[in-house]
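Hi,

Here is the structure I said I would pass on. Have a look at it first, and then read on for my notes.

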Amino acid sequence: MTPEELVRDHTIYSCVMGSRAFGLATEDSDTDRRGVFLAPTPLFWRFDKPPAHVEGPADEQFSWELERFCELALRNNPNVLECLHSPLVERADATGRELLSLRSAFLSRQAHGTFVRYAGGQRRKLEADVRTHGAPRWKHAMHLLRLLTSCRDLLRTGELRIEVGEERDRLLAVKRGELSWAEVERWMNLLQDEADRAHTGSPLPDVPDTARIEDFLTRARRASAASALGVREPDADDEVVQRVGHRGLGAQR
């Protein structure tokens, strides 16, 4: 099974990300698509395992295998968490809908560290641009401000909202280079300080609910194996029949 077939035939969830999901799209914005596929369980029984992610097959398209996606989300990876909270969902089957219902189980105060580390790396790149070229890449500066805002609000409220709302105009002004680098730096510093303070009293749990996610992944793998082997998994009605049957046999004895 090719990577393209895995994405085409086994995607459980897909969405639009980037500027269109953030509410920052302009006429020249690309359409970035992200997704999650569930590789058939029998593929993992081979030495040659299925890929953990696939680029394409369309332009600006990227997909993760479900297990890898869950691993990254449990680490509070910003890109993966934002994918789960996109307002522009294009596809979600039953497994994908259950994945979406588990969004809160992935969230924890660990997001402070992962978001801040990612933001710090991006900021160092912007500062290097300023030293080298006299100005940052303004589009990247805009997205860094958006990320820091999202981190602060997540820690304050316990909910991840990726749409920028009323900050749209000001952020787009940054993208156009209408704010000075000094103004942008002050804004970044303010958001960083607010995120640090929000971390202390955040309503988020200290760690994500790993057991709940592992249960979901195990059930998804089991259902995939049963489907591939043509075996119907027992449901609740089957269990009731089995229990009644056992009692009946006991009575006959």
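Below is what I found, going from confidence to the sheet, then a helix, the cores and one buried arginine.

First, keep in mind that this is a predicted model. The chain averages a pLDDT of 91, and 91% of the residues score at least 70. The stretch to be wary of is residues 236–253, where pLDDT stays under 50. For that stretch the model has two contacts beyond four places in sequence, and I'd leave it out of any discussion of the fold.

Now the sheet. Five strands make an open sheet with mixed pairing, in the order β3-β4-β2-β1-β5. At the edges sit β3 (53–55) and β5, each of which pairs on one side only. From one strand to the next, the twist averages 15°. Helix α3 packs on this sheet and touches β1, β2 and β4 (61–65), with its direction at about 90° to that of β4.

Strand β1 (residues 11–17) is a good place to start looking. Seven of its seven residues are buried. On one side, β1 runs antiparallel to β2 (residues 32–37), and six bridges join the two. If you want to check the register, Cys-15 is opposite Arg-34, and Met-17 has Asp-32 as its bridge partner. β1 is also antiparallel to β5 (residues 89–92), this time through three bridges. In that pairing, Ser-14 stands opposite Arg-91.

Back to α3, which covers residues 66–74. Its buried residues are Leu-66, Phe-69, Cys-70, Leu-72, Ala-73 and Leu-74. At the start of the helix, a side-chain oxygen of Glu-65 comes to within 2.8 Å of the backbone nitrogen of Glu-67. After the helix comes Asn-76, which has a positive phi, near 60°.

What about the hydrophobic interior? The largest nonpolar core has 61 residues. Those with the most contacts inside it are Leu-66, Leu-99, Phe-106, Val-174, Val-184 and Met-188. Helix α8 gives the most to this core, with ten residues. There is also a second, separate core of six residues, including Val-7, Phe-37, Leu-43 and Val-54.

Leu-66 deserves a closer look, since you have already met it in α3. Leaving aside neighbours within four places in sequence, Leu-66 is in contact with Ile-12, Val-36, Phe-37, Leu-38, Leu-99, Phe-216, Leu-217 and Ala-220. Among these, Ile-12 lies within the span of β1, while Val-36 and Phe-37 lie within that of β2.

Last, which side chains does Arg-152 make polar contacts with? This arginine is found in helix α8 (residues 138–157). Arg-152 counts as buried because its relative accessible area is 13%, below the 20% cut-off. Its side chain makes a polar contact of 2.9 Å with the side chain of Asp-153. Another polar contact, of 2.7 Å, joins the side chains of Arg-152 and Glu-194. Beyond its neighbours within four places in sequence, Arg-152 is in contact with Leu-191, Glu-194, Ala-195 and Ala-198.

That's the lot from me. Shout if anything looks odd when you open it up.

Cheers

Conventions:
Residues numbered from 1 in each chain as written. Predicted model: local features only at pLDDT ≥ 70, side-chain atom pairs only at ≥ 80, totals over all residues. Heavy atoms only, no water. pLDDT = per-residue confidence, 0-100. Contact = heavy atoms within 4.5 Å. Buried < 20%, exposed > 50% of the residue type's maximum accessible area, 1.4 Å probe, protein only. Helix = DSSP H or I, 4+ residues; strand = E, 2+ residues; numbered from the N terminus. Pairing = 2+ DSSP bridges. Polar contact = N/O pair within 3.5 Å; in protein donor to acceptor, adjacent residues only side chain to side chain. Axes fitted to C-alpha atoms, helices over the stretch in contact; angles between N-to-C directions. Core = buried A, V, L, I, M, F, W, Y, C linked by side-chain atoms within 4.5 Å.
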